[in-house]
Amino acid sequence: MTSIPPGSGFPLDRATPATRVARTAAGVRRLAAGSRDLETIDARSSVCRACPRLVAWREEVALTKRRAYADEVYWGRPIQGFGDPLAHLLVVGLAPAAHGGNRTGRVFTGDRSGDWIIAALHRAGYANQATSVSVDDGLELHGVRIVAAVRCAPPDNAPNPAERAACAGWLEREMTLLAPTTTAVLALGGIAWRATLASLVALGWQVPRPRPAFGHGAEAVVVNPQGREVLVLGSYHPSQQNTFTGRLTEEMLDSVLERAREQDPSQHPEHGPR
Ligand code: SF4
């Protein structure tokens, strides 16, 4: 099987055979703009076929599989956002891993990067458990939602500029729907950082110029169209390349999440969303 068919009862699958399918970048923009809620974005983005190279790759991986997962049915479709629909913190990752999210059907689930970020979110009080292994493992996120800047697994973890631009349509709509509660955005890695700032500019948010450079612990204060300040934070991506080498440590990730937590209105109920 090259992917899980929509509407087949897979956990978290909000799509049905009737869900409209985007086949071009313009189609993504059109269907995203017409999505009035996160459930619709979830459904529509999860059946998207706008990037031929990525569609072919995600389905090829789902068909051939890694030997360790030979008995599993791979998701093989785009990965929708996951977490609290009223999140104050939006975490933006790069793209699902071929045998992680592309296999399990949930962002940052079933691979070592997921282990890292979910464990950190658990330490920070955003997750009810420290592990993320499958869609039915009981993981719940509170106050945070995670999305990928590119929703399909790319070869070599490297989406090309056209693919990043196409998928920005989903990201921007999701940012818009989450904007009423968003007080912080955490970008994991340089590509996610640039995608985040570019999307905020496209949405009419005030972003410092020149655009702030990415680095671990980088911060930028942006202003949403309602005039509210939102803190954009950067962290090195929790890839094995970074965590195995010590370039990113648990303490480094924890300190960035601590800054995000400081923006949580529930910690300062007298102020409300700022
Ligand atoms: Fe659609 Fe994004 Fe996947 Fe491209 S990367 S096919 S725009 S979901």
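Biologist: Which residue in β4 is the bridge partner of L90?

Modeller: This is a predicted model: local features need pLDDT of at least 70, side-chain atom pairs count only at pLDDT 80 or more, and totals for chains, interfaces and linings use all residues. Residues are numbered from 1 along each chain as its sequence is written. Strands (E, at least two residues) and helices (H or I, at least four) are DSSP runs numbered from the N terminus, and two strands pair if DSSP finds at least two bridges between them. Strand β2 (residues 89-93) pairs with β4 in the parallel sense over four bridges, and the partner of L90 in β4 is V185.

Biologist: Which residue of β6 stands opposite L186?

Modeller: β4 is joined to strand β6 (residues 229-235) by five bridges, and the two run parallel. Opposite L186, in β6, stands L233.

Biologist: How many residues of β4 are buried?

Modeller: A residue is buried if 20 or more other C-beta atoms, placed from the backbone, lie within 10 Å of its own, exposed if 12 or fewer do, and partly exposed in between. On one side of β4, A184, L186 and L188 are buried, and on the other V185 and A187 are too. For the strand at residues 184-188, the count of buried residues is five of five.

Biologist: Which strands stand at the edges of the sheet?

Modeller: The sheet is open, has six strands with mixed pairing, and follows the order β1-β3-β2-β4-β6-β5. An edge strand here has a single partner, so one of its sides is left without a neighbour in the sheet; the two edge strands are β1 (82-83) and β5 (219-223).

Biologist: What angle does the direction of helix α7 make with that of β4?

Modeller: Five bridges join β5 to β6 in the antiparallel sense. Helix α7 (residues 190-202) packs on the sheet and touches β2, β4, β5 and β6; contact means C-beta atoms, placed from the backbone, within 7 Å. Axes are lines fitted to C-alpha atoms, for helices over the stretch in contact, and angles run from 0 to 180 degrees between N-to-C directions. For α7 and β4 the angle is about 140 degrees.

Biologist: At what angle to β6 does helix α9 run?

Modeller: Helix α9 spans residues 250-262 and lies across β2, β4 and β6. Its angle to β6 is about 175 degrees.

Biologist: Where does helix α6 bend?

Modeller: The expected span of a helix is 1.5 Å times one less than its number of residues. The 18 residues of α6 (residues 161-178) should therefore span 26 Å, and the end C-alpha atoms are 25 Å apart, which agrees. A bend is the angle between axes fitted to the seven residues ending at a residue and the seven starting there. In α6 there is a bend of about 35 degrees, at A168.

Biologist: Which element gives the most residues to the shell around the ligand?

Modeller: A residue counts as near the ligand if its C-beta atom, placed from the backbone, lies within 6 Å of it. Of the 15 residues around the ligand, C48, C51, P78, C152 and C167 come nearest. The elements giving two or more residues to the shell are α3 (52-64) and α6. With three residues, the element giving the most is α6.

Biologist: What is the phi of G227?

Modeller: G227 lies in the loop between β5 and β6, which form a hairpin with five residues between them. G227 is exposed, because 7 other C-beta atoms lie within 10 Å. In the turn, the phi of G227 is positive, about 90 degrees.

Biologist: Which residues are joined by a cis peptide bond?

Modeller: Most peptide bonds are trans, and most residues other than glycine have a negative phi. The cis bond has an omega of about -5 degrees, and one of its residues is in the loop between α7 and β5. The residues it joins are R209 and P210.

Biologist: What is the phi of N157?

Modeller: N157 lies in the loop between β3 (144-148) and α6. N157 is partly exposed, because 17 other C-beta atoms lie within 10 Å. N157 is not a glycine, yet its phi is positive, about 55 degrees.

Technical notes: Contact = placed C-beta atoms within 7 Å.
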